[in-house]
Amino acid sequence: MNIVAIDIGGTKTLLTYIQGGSVVAREVWPSDFETWQALTDKVALFCKDRSFDGIAIASAGMVSSETITPLNTSVLSFVSQIDVRKEVERQFGKPCLLINDAAAAAYAEFSEALEHQEVRPAGNLLFVTVSTGIGCGLVLSGQPMTSPKGLACHAGHMRGLPARFTPMEACSCGLEDCVENLASGAALGRLASHLTGEPLSAKELFDSRFDRELSRQLIQQSTTQVAHLVDTLHLSLDLDCVVIGGSVGIRDRYFEQLCIDISSLRRPVSPPVMKRARFQADSGAMGAAIRLTETLKHG
Ligand code: ADP
Ligand code: BMX
Ligand code: ZN
């Protein structure tokens, strides 16, 4: 089956063409589209001269089967008020499936781990993306967790631990101290900019030119919060495996510190197996494509 799979993140939008389960073409655009039409114009160009059976969309936000509603309202304003599934099916004449980006990534990583016999078919897996936001996706007893209005799994907006570097503004979830506002890529960029007085992104914290001690402290503020989030979800759900993704989360320095922070919690129960996303930046698109392929095959 041939699928056009799109991953709409708070910072970047990835267009992929997936043939027989592998990404054979990809394009990346900034997610600063003025309108929904501006995004679908890019998709139309990408689809030109490619035959496909459907369009799978993984997106940040509260994703229902029909629409995408940002919980973090500082990004993706162009998707609000759009009947996304209907619009895409009308414009491209093919079936369209919508799913949250982290939920999709969790499903792709679970399917891959299952193939490598690293999880049981009825296993529990948590995917955490440390990217623009902190997104969580769950596969429970082998099934992706979704909810009709798309709020399920927005655990990145649970209250975090008291932190050394505090945000200047509340998150649009209503809390000043949610994990996302203390630990996401966007939050690290805002904190670094505030502390140094120059505009900086989370990416720049990993540069050798950046003050090593400040970057260590900021990265550790984030890993401490995410370790707490993983620990809370592990105690609630008995996770077999936790997969970390997102441009920040997959960095060696970040992932290694996170593993240290989780083991230093010294819980008297085994921690979940920690892995980095196998599909890297493609996990969300892959997961959406797998879900759509299953729907087209089995209804
Ligand atoms: P999205 O949230 O759109 O899925 P990303 O996963 O790239 O996109 O996350 C965006 C965040 O990741 C930003 O805060 C950005 O500064 C940071 N970032 C982007 N590239 C890198 C990198 N190579 N290393 C560390 N951080 C990165
Ligand atoms: C936010 C929220 C989640 C998303 C997560 C990761 C929005 C727009 N996003 O918590 O739905 O899964 O960020 O998203 O409400 P990303 O932009 O970092 O990929
Ligand atoms: Zn929040």
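1. Cavities. In this predicted model, one cavity of 30 Å³ or more is present. The largest cavity encloses about 40 Å³ of space. Its lining consists of Ile6, Trp36, Leu39, Thr40, Val43, Ile55, Ile57, Val88 and Phe92. By class, eight of these lining residues are nonpolar, one is polar and none is charged.

2. Elements around the cavity. At least two lining residues come from each of helix 1, strand 4 (54-59) and helix 2. Helix 1 gives the largest share of the lining of the largest cavity, with four residues.

3. Helix 1 and helix 2. The two helices that help to line the cavity also pack on each other: the axes of helix 1 (residues 36-47) and helix 2 (residues 84-92) come within 12 Å and cross at roughly 40°. Helix 1 and helix 2 are therefore oblique to each other, and their crossing is right-handed. On the helix 1 side the contact uses Trp36, Gln37, Thr40, Val43, Ala44 and Cys47, and on the helix 2 side Val84, Glu87, Val88, Gln91 and Phe92. Seven residues of this contact are nonpolar, three are polar and one is charged. Trp36, Thr40, Val43, Val88 and Phe92 take part in the contact and are also found in the lining of the largest cavity.

4. The largest pocket. The space in the largest pocket is about 990 Å³. Its lining comprises 49 residues, and those nearest the centre of the pocket are Gly10, Thr129, Ser131, Thr132 and Gly133. Two or more lining residues are supplied by each of strand 2 (12-19), helix 3 (101-115), strand 8 (125-130), strand 9 (134-140), helix 5 (185-196), helix 6 (202-205) and helix 9 (283-298). The pocket lining divides into 20 nonpolar, 23 polar and six charged residues.

5. Helix 5 and helix 7. Helix 5, one of the elements giving two or more residues to the pocket lining, also packs against helix 7. The axes of helix 5 and helix 7 come within 11 Å and cross at roughly 145°. The crossing is right-handed. Leu188, Leu191, Ala192, Leu195 and Thr196 of helix 5 meet Leu214, Leu218, Gln221 and Ser222 of helix 7. This contact has six nonpolar and three polar residues, and no charged ones.

6. Helix 7 and helix 8. Helix 7 (residues 212-237) packs with helix 8 (residues 252-263) at an angle of about 50°, and their axes are 8 Å apart. That angle makes helix 7 oblique to helix 8. Here too the crossing is right-handed. From helix 7 the contact takes Arg212, Ser215, Arg216, Ile219, Gln220, Ser222, Thr223, Thr224, Val226, Ala227 and Val230, and from helix 8 Arg253, Tyr254, Gln257, Leu258, Asp261 and Ile262. The classes are seven nonpolar, six polar and four charged residues. Ser222 of helix 7 belongs to this contact and also to the contact with helix 5.

7. Points to check on the model. For the cavity, inspect the lining residues Ile6, Ile55 and Ile57 along with the helix 1 and helix 2 contact, including Trp36 and Phe92. For helix 7, inspect Ser222, which meets helix 5 and helix 8.

Note on methods. Residues are numbered from 1 along each chain as its sequence is written. Chains are lettered from A and ligands numbered from 1 in the order in which they are written. This is a predicted model: local features need pLDDT of at least 70, side-chain atom pairs count only at pLDDT 80 or more; totals for chains, interfaces and linings use all residues. Side-chain values use heavy atoms; hydrogens and water are left out. Axes are lines fitted to C-alpha atoms, for helices over the stretch in contact, and angles run from 0 to 180 degrees between N-to-C directions. Angles under 35 degrees count as roughly parallel, over 145 as roughly antiparallel, 65 to 115 as roughly perpendicular and the rest as oblique. A crossing is left-handed if the near helix is turned anticlockwise from the far one by less than a right angle, and right-handed if clockwise. Contact means heavy atoms within 4.5 Å. Ala, Val, Leu, Ile, Met, Phe, Trp, Tyr, Cys and Pro count as nonpolar, Asp, Glu, Lys and Arg as charged, and the others, Gly among them, as polar. On a 1 Å grid over the protein atoms alone, a cavity is a set of points where a 1.4 Å probe fits but cannot get out, and a pocket is an open set with protein on both sides within 12 Å along at least five of seven lines; lining residues have an atom within 4 Å of a point. Grid points are joined across faces, edges and corners, and a volume is the space filled by probe spheres set on the points.
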